[in-house]
Amino acid sequence: MAIRKNIFIVSLFFMAAFSLQSCGKFHTEENGSVSVALSFIDKDDRDEVTIDDAKLWIFNGDGGLVCDRPYHSASELALQRYFLEPGRYLFVTAVNLVDPFTWTEPAVNGQDLVFGLKDPIASPSHALYGVNEVLVENDKSLVVNSEIRRILSELSVTISGAPAGSRVKATVRSNASGIYPGRKDPDGLYGLATNDEVRSIMFPEVREEGGVIATPTLRLMPTIGRSESTIIYLIITLAGGNELECAILAPPMRPSGKYILTLKYDEMRATMIVDPYKINEWTEGWVVNGEILDPDD
C-alpha cells in the first residue's frame, strides 16, 4: 500500500507540474512568471464590449511562435501564468475574434500573423487586439497590461441640404484585406494594414430625409498599408433621375479609427479633397476646405 500511495503522490506532483507548464519550462521557486491583463484603450468600449472569447499569441525575439492559446474570458486569461526563458517577447492578444473574422493558422511567425474578414462588408460586432513588447528577466514575475483596441475602422457619410427625393450610393476603395497586428504602421503603432486591396465596398443606398442624407456607420478594414488616401465615390440621384457623381480623396483610415465625412450638397463637385479635424481621441471628422461642421447637427 505504501508503494502505491507513493506512486499516487508522485503522479499528482507531475500532473500539477504539467498544469503549471505554459509556453516554457516547468515552474520552480527560482522561475518568474508572466500573466496578462486586458484593458480597453477606448473608454466607449468599456461600456459596450462584452468579452466572450480571448486569444493569445507569444512570439520570441526572433519572431518565432512560443505560445498560441484560446480562452473563454478575460478572467480565464488573467489567471494563466506563463513560464518563459529570459529574453524579449511579443505578446499579441485578441478579443471576440470569431466568425466572420479570420486569422492566420498556424501563426508560425509574429510578422506573418494576419487578422481579416471572410466578407469585407460583413459589418460584424467589433473584435479588438493588443500588442506588447515584453522583457522577461530571470527570477522576476510581471503582469502584462494589454490595452486592446478595435481592428476595424468605422465610416459614415452625411450630406446636408440634399434635394427632396434624392438618394445616394457610396463606394469606398483602398481598403485592406486585413491587418498585421505584429507590425508597426507609419505612426509607430502596432497594426499595419496589408497591401492587399479590397477593390470596392458599397454602402447600402440611402434616401434623403428632411434635407439630409445620412448613411449608416460602416465597419470595415482600414486603408491599405501602401496608401496615404481613402477614396470614396458618391453617386447622388435626384428625384427626376439626374445624377451627380463625386470622387472624394480623404485621409487614410487606421484600425480603431472612427471617421465622419460631412458635406453640403450645394458645395459638392466632381472631385473633392477633404481635410481631417479631431473630434476626440478616436474620432476624426472629414470636411471640404477645412470647414468644420458639427456631425450632430
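Tutor: Let's start with burial: a residue is buried under 20% relative accessible area, exposed over 50%, and partly exposed in between (1.4 Å probe, protein chains only). You're looking at a predicted model, in which local features need pLDDT of at least 70, side-chain atom pairs count only at pLDDT 80 or more, and totals for chains, interfaces and linings use all residues. Residues are numbered from 1 along each chain as its sequence is written, and side-chain values use heavy atoms, leaving out hydrogens and water.

Student: Okay, why is K140 called partly exposed?

Tutor: K140 has a relative accessible area of 47%. That value sits between the two cut-offs, so K140 gets the in-between label. E137 gets that label too, at 39%.

Student: How do you know that E137 and K140 form a salt bridge?

Tutor: The rule asks for a side-chain nitrogen of Lys or Arg within 4 Å of a carboxyl oxygen of Asp or Glu. The closest N and O atoms of E137 and K140 are 3.8 Å apart, so the pair passes. Counting this way gives 14 salt bridges.

Student: What about R150 and D45: what do they tie together?

Tutor: Their side chains meet in a salt bridge with N to O at 2.8 Å. R150 belongs to strand 8 (residues 142–150) and D45 to helix 2 (residues 43–48), so this pair links parts 105 residues apart in sequence. By the way, helices (H or I, at least four residues) and strands (E, at least two) are DSSP runs, numbered from the N terminus. R150 and D45 are both buried, and they belong to a salt-bridge network with E48, E154 and R219.

Student: Are D187 and R254 buried or exposed?

Tutor: One of each! D187 comes in at 54%, so it is exposed, while R254 is at 18%, so it is buried. They form a salt bridge, with the closest N and O atoms 3.8 Å apart. D187 lies in the loop between strand 12 (178–184) and strand 13 (190–193), and R254 in the loop between strand 20 (243–250) and strand 21 (258–264), so parts 67 residues apart in sequence are tied together.

Student: How do you know that D42 is buried?

Tutor: D42 has 5% relative accessibility, so it falls under the cut-off. You'll find D42 in the loop between strand 1 and helix 2. Setting aside neighbours within four places in sequence, D42 is in contact (heavy atoms within 4.5 Å) with K258 and W282.

Student: What makes a set of residues a nonpolar core?

Tutor: They must be buried Ala, Val, Leu, Ile, Met, Phe, Trp, Tyr or Cys residues joined through side-chain atoms within 4.5 Å. The largest core here has 30 residues, and L155, I159, L234, L263, M268 and W286 touch the most other members. Strand 9 (153–160) and strand 22 (271–278) are among the elements giving it two or more residues. Leaving out residues up to four places away in sequence, M268 touches I159, L234, I236, L244, C246 and L263. A second, separate core of 19 residues includes V92, L113, Y129 and L152.

Student: Why are strand 1 and strand 3 said to stand at the edges?

Tutor: Strands pair if DSSP finds at least two bridges between them. The open sheet of six strands runs in the order 1-8-7-4-2-3, with mixed pairing. Strand 1 (34–40) and strand 3 (65–71) each have a single partner strand, so one side of each has no neighbour in the sheet.

Student: How do you know that strand 4 pairs with strand 7?

Tutor: Nine bridges join strand 4 (residues 87–95) to strand 7 (residues 128–136), so the pairing rule is met. These two run antiparallel, and L90 has E133 in strand 7 as its bridge partner.
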